[in-house]
Amino acid sequence: MGQQSLYGTRNLLGPGIAYIRAKQGLSQKDLLVRIELLGGCMAQTKLSRIERGNTILQDYDLIVIAAALRVSLDEIYRAVEAKKSQQYRQSNTVQARKTQT
């Protein structure tokens with residue numbers, strides 16, 4: 001069994017990384033190329049697990065991912081909040097539609 005947080009995921013920043021990557025129009029492979037150009041090394045499966053929150057995010061991985069995305073760590077934190085806010089709005093919209101029918 002793996003470690004999980006109280007939030008049901010092994011890392012909280014992965015969805016923010018995925019959100020930023022998608023907003024920049026990058027595929028996971030594009031991001032991995034940038035990581036490699038910075039001297040990092042990461043498999044696509046690891047990046048996928050990080051973005052889904054299925055693996056623990058190491059500090060050195062977070063730093064190289066942020067550098068490859070050309071964002072600050074603070075921007076990743078803000079992206080997590082933006083994604084949560086977006087999901088909250090979507091769930092409220094779905095709930096409102098259900099109550100209207």
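In which helix of the protein is confidence lowest, and in which is it highest? The mean is lowest in H5, at 77, and highest in H2, at 98. The model is a predicted one, and its pLDDT averages 87 over the protein, with 80% of the residues scoring at least 70. Where pLDDT is low, predicted coordinates should not be read in detail.

## Overall architecture

The secondary structure consists of 5 helices and 0 strands, so that the order of elements from the N terminus is α-α-α-α-α. Of the 101 residues, 34% count as buried. Among contacts with a sequence separation of 6 or more, 65% are made by residues 24 or more positions apart. The protein exposes about 6900 Å², of which carbon and sulfur atoms supply 52%.

## Helix H3 and its packing

Helix H3 spans residues 44-52, and its buried residues are Leu47, Ser48, Ile50 and Glu51. These residues lie on the same side of H3, because they cover an arc of only 160° around the axis. An α-helix has 3.6 residues a turn, so residues three or four places apart point the same way. The buried residues of H3 pack against three helices: H1 (14-23), H2 (28-37) and H4 (59-69).

Two of these partners have buried residues of their own to describe. In H1, the buried residues are Gly14, Gly16, Ile17, Ala18, Ile20 and Arg21. In H4, they are Asp61, Leu62, Val64, Ile65, Ala66, Ala68 and Leu69.

Ile50, found in helix H3, has a relative accessible area of 0% and is therefore buried. Beyond its neighbours within four places in sequence, Ile50 is in contact with Asn11, Gly14, Ile17, Met42, Thr55, Leu57 and Ile65. Of these contacts, Gly14 and Ile17 are among the buried residues of H1, and Ile65 is among those of H4. Leu62, another buried residue of H4, is 12 residues from Ile50 in sequence, and the two C-alpha atoms are 9.6 Å apart.

## Salt bridges

The count of salt bridges comes to 3. They are listed below with the distance between the closest N and O atoms.

| Salt bridge | Closest N and O atoms |
|---|---|
| Glu51 and Arg21 | 2.7 Å |
| Lys46 and Asp61 | 2.7 Å |
| Asp74 and Arg78 | 2.2 Å |

Glu51 forms a salt bridge with Arg21. This pair links distant parts of the chain, with Glu51 in helix H3 and Arg21 in helix H1, 30 residues apart. Both Glu51 and Arg21 are buried.

Lys46 forms a salt bridge with Asp61. Here too distant parts of the chain are linked, since Lys46 belongs to helix H3 and Asp61 to helix H4, 15 residues apart. What is the burial state of Asp61? At 5% relative accessibility, Asp61 counts as buried, whereas Lys46, at 23%, counts as partly exposed. The limit for burial is under 20% relative accessible area, which is why Lys46 does not count as buried.

The salt bridge between Asp74 and Arg78 lies within helix H5, where the two residues are 4 apart, about one turn of the helix. Asp74 has a relative accessibility of 42% and so counts as partly exposed. Arg78 is likewise partly exposed, with a relative accessible area of 47%.

## Helix ends and surface

Residues with positive phi follow several of the helices. Just after H1, Gly25 takes a positive phi of about 75°. H3 is followed by Gly53, with a positive phi near 80°. After H4 comes Arg70, with a positive phi near 60°. In this last case the positive value occurs in a residue other than glycine. Arg70 is placed in the loop between H4 and H5, and at 64% relative accessibility it counts as exposed.

Ile63, Leu73 and Tyr77 make a nonpolar surface patch of about 300 Å². Tyr77 is found in helix H5, which spans residues 73-100. At 47% relative accessibility, Tyr77 counts as partly exposed. As H5 is the helix in which mean confidence is lowest, at 77, the H5 residues of this patch should be viewed with that value in mind.

Terms used
Residues are numbered from 1 along each chain as its sequence is written. This is a predicted model: local features need pLDDT of at least 70, side-chain atom pairs count only at pLDDT 80 or more; totals for chains, interfaces and linings use all residues. Side-chain values use heavy atoms; hydrogens and water are left out. Patches are made of residues with over 30% relative accessible area and no salt bridge: like charges are joined within 9 Å, nonpolar side chains (Val, Leu, Ile, Met, Phe, Trp, Tyr) within 5 Å. Accessible areas come from the Shrake-Rupley method with a 1.4 Å probe; for residues, only the protein chains shown count as cover. A salt bridge is a side-chain nitrogen of Lys or Arg within 4 Å of a carboxyl oxygen of Asp or Glu. Buried means under 20% relative accessible area, exposed over 50%, partly exposed in between (1.4 Å probe, protein chains only). The arc is that of the directions from the helix axis to the C-beta atoms. Contact means heavy atoms within 4.5 Å. pLDDT is the predictor's confidence in each residue, from 0 to 100.
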